[in-house]
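Open the structure in a viewer and keep the selection tool ready. The stops below go from the whole chain to single side chains.

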Amino acid sequence: MRLLLPGYEGNMNVKWLRRIKLVESPVMAINETKQYTILLASGKAWQFYYPQEVKSFITRPSPGVNLQGPGFYEITGIAYSGNGRISKVEISADGGKSWARAALNEPVLSKAFTRFRLPWNWDGRPVVLQSRATDEAGNVQPTREALIADRGPPRSTPNVLAFPMEHFNAITSWGVDAKGEVSHVYA
């Protein structure tokens with residue numbers, strides 16, 4: 001049997017569940033005290049932090065999925081939130097200076113991945129692509145700078161294939177060079 005907790009990190013979805021024991025206070029296990037505690041820039045610790053915050057990222061184009069020259073493309077990606085449904089996703093092709101609203105693929109369900117898409121005409125010049133999600137609770141995906149100001153810098157450069165800092169839900173930036181090659185802006 002497996003316990004599923006929609007909106008919470010995958011490690012909370014316990015495998016091989018044999019029994020449930022309810023307690024009145026935290027157990028203070030290593031997962032609770034070390035791995036899921038965020039030290040904020042203010043010096044205070046945010047303990048027992050498990051919910052998934054609003055997040056989106058572009059899957060096409062992305063590192064390894066390059067552009068084949070100027071022309072029309074469809075920007076696609078995934079958004080999710082542990083606080084409910086995704087209400088909108090916006091895409092920027094100029095590093096966050098301007099934003100266009102993307103279409104959300106149905107069904108848009110609570111605490112589930114939501115696909116998004118936007119047609120885009122690339123003129124062959126270098127650009128920085130970003131996506132920004134908002135959930136039904138009004139939570140907006142933060143910029144990298146805002147998240148770092150609030151929680152401090154990541155322990156390492158965010159890996160494009162992983163979720164560093166356990167809760168790094170900041171806007172992801174893909175750089176597209178004049179040859180159409182896509183790379184992580186901060187790698």
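Buried means under 20% relative accessible area, exposed means over 50%, and partly exposed lies in between. The model on screen is predicted.

**Whole protein**

Start with everything selected and coloured by secondary structure. The protein has 2 helices and 11 strands, and along the sequence they follow the pattern α-β-β-β-β-β-β-β-β-β-α-β-β. Of its 187 residues, 39% count as buried. The protein exposes about 11,200 Å², and carbon and sulfur atoms supply 55% of that area. Among contacts with a separation of 6 or more, 62% are between residues 24 or more positions apart.

**An open sheet**

Next, select strands 3, 4, 8 and 7. They form an open sheet of 4 strands in the order 3-4-8-7, with antiparallel pairing. Which strands stand at the edges? They are strand 3 (55–60) and strand 7 (103–104); each has a single partner strand, so one side of each is left without a neighbour in the sheet.

Zoom in on strand 7 and strand 8 (residues 114–122), which pair in the antiparallel sense over 2 bridges. Opposite alanine 103 you will find arginine 117 in strand 8.

**Strands 9, 10 and 11**

Now select strand 10 (residues 173–176) and show its side chains. In a regular strand the side chains alternate between the two faces of the sheet. Here Ser173 and Gly175 point one way, Trp174 and Val176 point the other way, and all are buried.

Add strand 9 (residues 127–135), which runs antiparallel to strand 10 and is joined to it by 4 bridges. Valine 128 has glycine 175 of strand 10 as its bridge partner.

Then add strand 11 (residues 182–184). Strand 10 and strand 11 pair in the antiparallel sense over 3 bridges, with glycine 175 opposite serine 183 in strand 11. The two strands, 10 and 11, form a hairpin with 5 residues between them. In the turn, select glycine 180, whose phi is positive at about 90°.

**Salt bridges**

Side chains of opposite charge can pair when their charged atoms come close. How many salt bridges does the structure hold? There are 5 salt bridges; the next selections show some of them.

Select arginine 85 and glutamate 136, whose side chains meet in a salt bridge at 3.9 Å, N to O. Arginine 85 lies in the loop between strand 4 (71–80) and strand 5 (86–92), and glutamate 136 in the loop between strand 9 and helix 2 (144–151), so the pair ties together parts that are 51 residues apart in sequence. Arginine 85 counts as partly exposed because its relative accessibility is 36%. Glutamate 136, at 46% relative accessibility, also counts as partly exposed.

Move on to arginine 132 and glutamate 90, which meet in a salt bridge at 3.0 Å, N to O. This pair links distant parts of the chain: arginine 132 is in strand 9 and glutamate 90 in strand 5, 42 residues apart. Is glutamate 90 buried or exposed? Glutamate 90 is buried, with a relative accessible area of 14%. Add Lys88 to the selection: Lys88, Glu90 and Arg132 are linked in a network of salt bridges.

End at aspartate 123 and arginine 125, where the side chains meet in a salt bridge at 2.6 Å, N to O. Aspartate 123 counts as partly exposed at 43% relative accessibility, whereas arginine 125 counts as exposed at 57%.

Note on methods:
Residues are numbered from 1 along each chain as its sequence is written. This is a predicted model: local features need pLDDT of at least 70, side-chain atom pairs count only at pLDDT 80 or more; totals for chains, interfaces and linings use all residues. Side-chain values use heavy atoms; hydrogens and water are left out. Two strands pair if DSSP finds at least two bridges between them. Buried means under 20% relative accessible area, exposed over 50%, partly exposed in between (1.4 Å probe, protein chains only). A salt bridge is a side-chain nitrogen of Lys or Arg within 4 Å of a carboxyl oxygen of Asp or Glu. Contact means heavy atoms within 4.5 Å. Accessible areas come from the Shrake-Rupley method with a 1.4 Å probe; for residues, only the protein chains shown count as cover.
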